[in-house]
Amino acid sequence: MLEVRNLSKSFGGLAAVKSVDLDVPRGSITALIGPNGAGKTTSFAMIAGFIRPDAGSVRFNGQDVTGWRPDRIAAAGMVRTFQITQPFAGLSVMENIRVGAFLRTADPHAATAKAREIGSRLGLGPMLDRTAAALTVAGRKRLEVARALATDPTLLLLDEVMAGLNPSEVNDIVALILDVRAGGVTILLIEHIMQAVAALAERVYVLAEGALIATGTAQQIAADSRVIEAYLGHGAAARMASHA
Ligand SMILES: Nc1ncnc2c1ncn2[C@@H]1O[C@H](COP(=O)(O)OP(=O)(O)OP(=O)(O)O)[C@@H](O)[C@H]1O
Ligand SMILES: [Mg+2]
């Protein structure tokens with residue numbers, strides 16, 4: 001469904017993303033992981049049209065969408081969430097979700113009904129008529145997912161929607177993501193919480209310093225010495241093995 005080839009981006013002298021290839025099969029949950037600054041969010045930004053790649057291509061549903069604007073990509077069915085949630089604090093939770101719904105309809109009544117339905121499904125029911133500024137961290141993450149879902153995506157890119165949540169909130173979001181996938185939405189997610197990655201993703205890609213260093217199941221990459229080194233530093237894999 002999504003085919004990314006040779007995706008690259010530099011900021012000044014910093015090569016943030018280097019020749020990244022990714023495949024997301026329709027109906028799958030695929031994870032993109034890696035240490036801080038690895039280039040995960042930058043990759044999402046290029047895939048979803050927020051940053052123009054220096055090189056490489058993004059194919060979505062067989063169509064080359066490289067260089068398309070974010071709204072055109074969203075209209076084609078691919079939408080991302082933002083790692084730094086920025087709800088419109090002056091709007092209610094419902095009105096924030098409705099911003100997404102307006103991608104598909106100009107009718108305010110239809111958009112409101114859809115925003116309420118999706119908000120309720122995401123556990124935001126009691127908050128719908130409150131200001132978005134009143135949301136907790138977990139609530140803001142849910143709002144971010146709700147706004148994205150309101151655009152009726154077929155491919156949803158989730159950027160660390162579990163960061164800052166407690167374990168029970170993480171379990172709730174894991175269940176929610178499985179539910180969204182069961183509803184026919186393909187998912188690519190960036191996540192640091194490995195327990196959630198293992199519970200969700202059929203396939204995991206690991207980025208470090210802009211380059212893909214490993215791919216496989218969560219079990220396979222957790223046992224990969226390159227991955228251990230990327231997270232824990234040079235020599236870590238050998239040190240862990242000698243203490244095993
Ligand atoms: N607009 C920008 N201008 C300059 N440098 C940037 C810009 N955006 C990202 N970078 C740099 O590119 C690198 C990759 O950043 P990116 O946000 O993609 O990492 P990440 O893998 O999402 O990290 P994290 O896990 O901390 O969210 C970092 O070194 C970052 O400082
Ligand atoms: Mg990031």
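## Leu 14 and its strand

A strand here is a DSSP run of type E with at least two residues, numbered from the N terminus. In this predicted model, Leu 14 has its place in strand β2. Is Leu 14 buried or exposed? A residue counts as exposed if 12 or fewer other C-beta atoms lie within 10 Å of its own, and Leu 14 has 11 of them, so Leu 14 is exposed. Leu 14 also has a partner far along the chain to look at: Gly 210 is 196 residues away in sequence, yet the two C-alpha atoms are 9.5 Å apart in space.

## The sheet that holds β2

Strand β2 belongs to an open sheet of 4 strands, in the order β2-β1-β4-β5, and the pairing is antiparallel. β2 and β5 (63-64) are the edge strands, and each of them pairs on one side only.

Let's follow β2 to its partner. Strand β1 (residues 2-11) runs antiparallel to β2, and 7 bridges join the two. Within this pairing, Lys 9 has Val 17 of β2 as its bridge partner, while Leu 7 stands opposite Val 20 in β2. The hairpin of β1 and β2 has 2 residues between the strands, and there Gly 12 takes a positive phi near 60°.

## Around ligand 1

Leu 14 appears again at ligand 1. The residues surrounding ligand 1 are Phe 11, Leu 14, Ala 16, Gly 34, Asn 36, Gly 37, Ala 38, Gly 39, Lys 40, Thr 41, Thr 42 and Gln 83. Two elements, β2 (14-24) and α1, each give two or more residues to this shell. Which of the elements gives the most to the shell around ligand 1? That is α1, with 3 residues. By character, the shell divides into 4 nonpolar, 7 polar and 1 charged.

## The six-stranded sheet and its helices

A second open sheet has 6 strands, ordered β6-β7-β8-β3-β9-β10, with mixed pairing. Its edges are β6 (78-80) and β10 (211-216); each has a single partner strand, so one side of each is left without a neighbour in the sheet. From one strand to the next, the twist averages 15°.

At the β10 edge, strand β9 (residues 203-208) pairs with β10 in the antiparallel sense over 5 bridges, and Tyr 205 stands opposite Thr 215 in β10. Helix α9 (residues 225-232) packs on the sheet here, touching β9 and β10, and its direction makes about 130° with that of β10. Helix α1 (residues 40-47), met above at the ligand, lies across β3 (29-33), β6, β7 (155-159), β8 (186-190) and β9, and runs at about 150° to β7.

## The nonpolar core

Nonpolar side chains tend to be buried together in soluble globular proteins. In this model, the largest nonpolar core has 71 residues, and the members touching the most others are Ile 97, Ala 146, Leu 156, Ile 187, Val 204 and Val 206.

Take Ile 97 as an example. Leaving aside neighbours within four places in sequence, Ile 97 is in contact with Ala 115, Ile 118, Gly 119, Leu 143, Ala 146, Arg 147 and Ala 150.

## A leucine in a helix

For another leucine, turn to Leu 178, whose place is in helix α6 (residues 167-182). Leu 178 has 14 C-beta neighbours inside 10 Å, so it counts as partly exposed. Leu 178 and Val 4 are 174 residues apart in sequence, and their C-alpha atoms are 24 Å apart in space.

Terms used. Residues numbered from 1 in each chain as written. Chains lettered and ligands numbered in written order. Predicted model: local features only at pLDDT ≥ 70, side-chain atom pairs only at ≥ 80, totals over all residues. Pairing = 2+ DSSP bridges. Axes fitted to C-alpha atoms, helices over the stretch in contact; angles between N-to-C directions. Contact = placed C-beta atoms within 7 Å. Near = placed C-beta within 6 Å. Nonpolar A, V, L, I, M, F, W, Y, C, P; charged D, E, K, R; others polar. Buried ≥ 20, exposed ≤ 12 C-beta atoms within 10 Å, placed from the backbone. Core = buried A, V, L, I, M, F, W, Y, C linked by C-beta atoms within 7 Å.
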